Amino acid sequence: MKEKPGTHTGNRKENRTRRQISVFTANADFNMQASKKMKSRSFGKKKAYCKKGQMFIIAAIFLIVGLLLIHNLLNVFDLFEESRSTTTHVLDAQLRNIAKEYEYATGVASLNAANVSAMSMLANLSQLVRDDINSRILYAIIFVNGTSSNFSVTVGNYAGDEINVTVNATGSTPAGSNLLVADKTNSTAFFNSSAGLRTITLAYTIRNETLREEFALNITSSYKLQIFYDITLSNSQMLARKKVLYNTTW
Amino acid sequence: MAKRKIFDKGKNCGRKGFVYTIEVLLAIFLVAVTITSLFLQVPEKPQGDIAITKRLGIETLEYLDNKDVLRNYVNSNDAAGIERELDALLPNRLNSNATICERSCTFSGLPVDRNVIVADYYVSGYRTTYLGKKVRVFMWSR
């Protein structure tokens, strides 16, 4: 390769980077060659520069295609949330209805032969609900005889599995009683007591889970019907649960 | 000569900058038009309508219960009366029928070519009488 005057010595590689700018001042040939090189370099830069400019349009096209492909998916989250919200409201409305009917039935029972009526009414209502809705219901009916101050505790099990219930009562004889209640049945424990404030405790195990409920019972000379119920409604997505203690005195 | 080349290059830069700006603006315009046209229409939600209709049915019956009319109809086994009340309360886009039953509910005359949504409402008693019944409402779009 012919060496040109004024070129830098030391690096004689044929491929030079475009960033090398040589300044040729002495020779006209050098000026001509330099101008040719500058033109080729500027033309290459122009080419590269033009390519960068078109990238905006290409990026926009990619963005548009992506939006077209996924725009249906962007609404799916809203659909799921609305469906879940409405399902929650439906479960809540059903639970309100059922809980209200348990109270109404207790009130009706207090106007009839309370203890016996309450047992049969609540059993019938629980069966009606279990036929239609995926539900677990547990209730306890406490009937206080105002004349003798004795009381009875009836446990109704519509929870889908057999339960072993221990009923304890303070200031009463016996102090506690054990009941084995099969599904869709009820069982009663009797207690002798006197006037005063008593604490009733229900401890039961269902599906390897131990639960405990405690409530106060004020024994006076009045007849009293106290009902505790625990209702759980569920579907494939969620469940709703309500526990209520309701009493009526006459 | 070199100065002239540099001067010419400066003119080209100005033209190139104008073209780039046009390209960017065009790109932004295309994306904006696409987004606007895609999200301008509200999509249909067929699956959500079933849960909404069921909720509507249950809450309408709850309203009738709170108004102290539902239990009277159930006590007198007047399903037609309940249907009249529902026709007045439910939206015009829905047809409905009601039945009063205990354990098993049967009803004929439902459309076979539409989705029929069922809502149940339990009624345990009326005043001093235990009823132990439920009101089943069938709803479908017209």
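This report describes a predicted model with chains A and B, going from confidence and fold to the contact between the chains and a few individual residues.

## Confidence of the prediction

Chain A has a mean pLDDT of 81, and 76% of its residues reach 70 or more. Among the elements of this chain, the lowest mean pLDDT, 65, belongs to H1(A), whereas the highest, 95, is found for strand S2 of chain A, which spans residues 151-158.

Two stretches of chain A call for separate mention. Over residues 5-10 of chain A the pLDDT is below 50, and this stretch has 5 contacts in the model beyond near neighbours in sequence. Over residues 46-51 of chain A the pLDDT likewise stays under 50, and here the model has 4 contacts beyond four places in sequence.

## Fold and surface of chain A

The secondary structure of chain A consists of 3 helices and 9 strands, and along the sequence these elements follow the pattern α-α-α-β-β-β-β-β-β-β-β-β. Of the 250 residues in chain A, 40% count as buried. When contacts within chain A are restricted to residues at least 6 apart in sequence, 55% of them join residues at least 24 apart.

The accessible surface of chain A amounts to about 14300 Å², and 54% of that area belongs to carbon and sulfur atoms. A nonpolar surface patch of about 490 Å² is made by Ile61(A), Val65(A), Leu69(A), Ile70(A) and Leu73(A). Of these residues, Leu69(A) lies in helix H1 of chain A, which covers residues 28-70, and Leu69(A) counts as exposed because its relative accessibility is 66%.

## The contact between chains A and B

The size of an interface is often given as the accessible area lost when the parts come together. For chain A and chain B, the area buried between them is about 4000 Å², with 66% of it on carbon and sulfur atoms. The contact takes 44 residues from chain A and 42 residues from chain B.

The count of salt bridges between chain A and chain B is 6. In one salt bridge, the side chains of Lys134(B) and Asp132(A) meet at a distance of 2.5 Å, taken from N to O.

Ser124(B), in strand S2 of chain B (residues 117-126), has contacts in both chains. Leaving aside neighbours within four places in sequence, Ser124(B) is in contact with Glu101(A), Tyr104(A), Ala105(A) and Leu125(A) on one side, and with Arg71(B), Thr129(B), Tyr130(B), Leu131(B) and Gly132(B) in its own chain. With a relative accessibility of 0%, Ser124(B) counts as buried, since the cut-off for that class is under 20%.

## Two partly exposed residues

Gly160(A) is placed in the loop between S2 and strand S3 (163-169) of chain A, and its relative accessible area of 41% makes it partly exposed. Not counting residues up to four places away in sequence, Gly160(A) touches Arg130(A), Asp183(A) and Arg207(A). The C-alpha atom of Gly160(A) is separated by 8.8 Å from that of Ala182(A), although the two positions lie 22 residues apart in the sense of their separation along the chain.

Ala32(B) has its place in helix H1 of chain B, which runs over residues 2-39, and it counts as partly exposed at 37% relative accessibility. The C-alpha atoms of Ala32(B) and Asn95(B), which are 63 residues apart along the chain, are separated by 43 Å.

Methods. Residues numbered from 1 in each chain as written. Chains lettered and ligands numbered in written order. Predicted model: local features only at pLDDT ≥ 70, side-chain atom pairs only at ≥ 80, totals over all residues. Heavy atoms only, no water. Patch = residues over 30% accessible without salt bridge, like charges linked within 9 Å, V, L, I, M, F, W, Y side chains within 5 Å. Areas by Shrake-Rupley, 256 points an atom, 1.4 Å probe, with all protein chains shown as cover. Salt bridge = Lys/Arg side-chain N within 4 Å of Asp/Glu carboxyl O. Helix = DSSP H or I, 4+ residues; strand = E, 2+ residues; numbered from the N terminus. Buried < 20%, exposed > 50% of the residue type's maximum accessible area, 1.4 Å probe, protein only. pLDDT = per-residue confidence, 0-100. Contact = heavy atoms within 4.5 Å. Buried area = accessible area lost by both parts, 1.4 Å probe.
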